[in-house]
Amino acid sequence: MIPRLLTRPSSAGAARSASVRLQAVADVASLAGAEQAATAAWEDVGERPCASASSVARANGAVIQSCEVRGSDCLVEVSSSVRIVGVPAILRARARAGTGG
C-alpha cells in the first residue's frame, strides 16, 4: 500500500519536499558545527561543534542521529518523523561542512 501512495503526484511531491527540507537542516547543522570546530587545530573544541549542530537541528524540527568532528570538519546525520499522506515515515539526511582538513 505504501508504494502505491508514494506514486501519487501529491504524495511524491510531499515526500520530496520533506526530504529537501531535511537536507537543508542537515546542511545548516553541519555548518553550525564546523563553525565551532574551526579552531580545532589549536584548541580543544570538546563537544561544542556537536552541541551547536544539535541545537540547530532541534530548532528546525530534526534530531541529530550522529555527529562526528574530524579536524575542522563536522559530519552530521539528522532525522525527522513525518507523515506523508497519513503514513508515518522517518527521513534521514547527511551533511559535511568545514575546510576539509
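Helices, taken as DSSP runs of H or I at least four residues in length, are numbered here from the N terminus, and Ser52 is found in helix 3. The structure is a predicted model, and the mean pLDDT of the protein chain is 87, with 88% of its residues reaching 70 or more. The exception to be noted at the outset is the stretch of residues 1-7, over which the pLDDT is below 50 and which has eight contacts in the model beyond near neighbours in sequence. Where pLDDT is low, the predicted coordinates should not be read in detail.

Within helix 3, the surroundings of Ser52 can be described through its accessibility and its contacts. Ser52 has a relative accessibility of 19% and therefore counts as buried, the cut-off for that class being under 20%. When residues up to four places away in sequence are not counted, Ser52 touches Ala32, Gly33 and Gln36. Those three residues lie within the span 9-37, which is that of helix 2.

The largest nonpolar core of the model has 18 residues, and those with the most contacts inside it are Leu22, Ala29, Ala57, Ala62, Ile64, Val76 and Val78. At least two residues of this core are supplied by each of helix 2 (9-37), helix 3 (48-59), strand 2 and strand 3 (87-97), and the largest share, six residues, comes from helix 2. Val78 gives a view of how these elements meet: apart from its neighbours within four places in sequence, Val78 is in contact with Leu22, Ala26, Ala57, Ala62, Val63, Ile64, Gln65, Leu91, Arg92 and Ala93.

Turning to the strands, strand 1 (residues 63-70) pairs with strand 2 (residues 73-84) in the antiparallel sense, over seven bridges. Among the residues involved is Val63, whose bridge partner in strand 2 is Ser79. The two strands form a hairpin with two residues between them, and in the turn Gly71 has a positive phi of about 65°.

Arg94, found in strand 3, has a relative accessible area of 63% and is exposed, because that class begins over 50%. Leaving aside neighbours within four places in sequence, Arg94 is nevertheless in contact with Gln23, Ala26, Val76 and Glu77. Arg94 and Ser66, which are 28 residues apart in sequence, are separated by 9.2 Å in space from C-alpha to C-alpha.

A search of the whole structure finds one disulfide, which joins Cys50 to Cys67 with an S to S distance of 2.1 Å. The link of Cys50 and Cys67 is left-handed, with -90° about the S-S bond. This pair links distant parts of the chain, Cys50 lying in helix 3 and Cys67 in strand 1, 17 residues apart. Cys50 is buried, with a relative accessible area of 17%, whereas Cys67, at 25% relative accessibility, counts as partly exposed. Cys74 is in no disulfide, and the nearest cysteine sulfur, that of Cys67, is 3.8 Å away; since a disulfide requires sulfur atoms within 2.5 Å, this separation lies outside the cut-off. At 0% relative accessibility, Cys74 counts as buried.

Key
Residues are numbered from 1 along each chain as its sequence is written. This is a predicted model: local features need pLDDT of at least 70, side-chain atom pairs count only at pLDDT 80 or more; totals for chains, interfaces and linings use all residues. Side-chain values use heavy atoms; hydrogens and water are left out. pLDDT is the predictor's confidence in each residue, from 0 to 100. Contact means heavy atoms within 4.5 Å. Two strands pair if DSSP finds at least two bridges between them. A nonpolar core is a set of buried Ala, Val, Leu, Ile, Met, Phe, Trp, Tyr and Cys residues joined through side-chain atoms within 4.5 Å. Buried means under 20% relative accessible area, exposed over 50%, partly exposed in between (1.4 Å probe, protein chains only).
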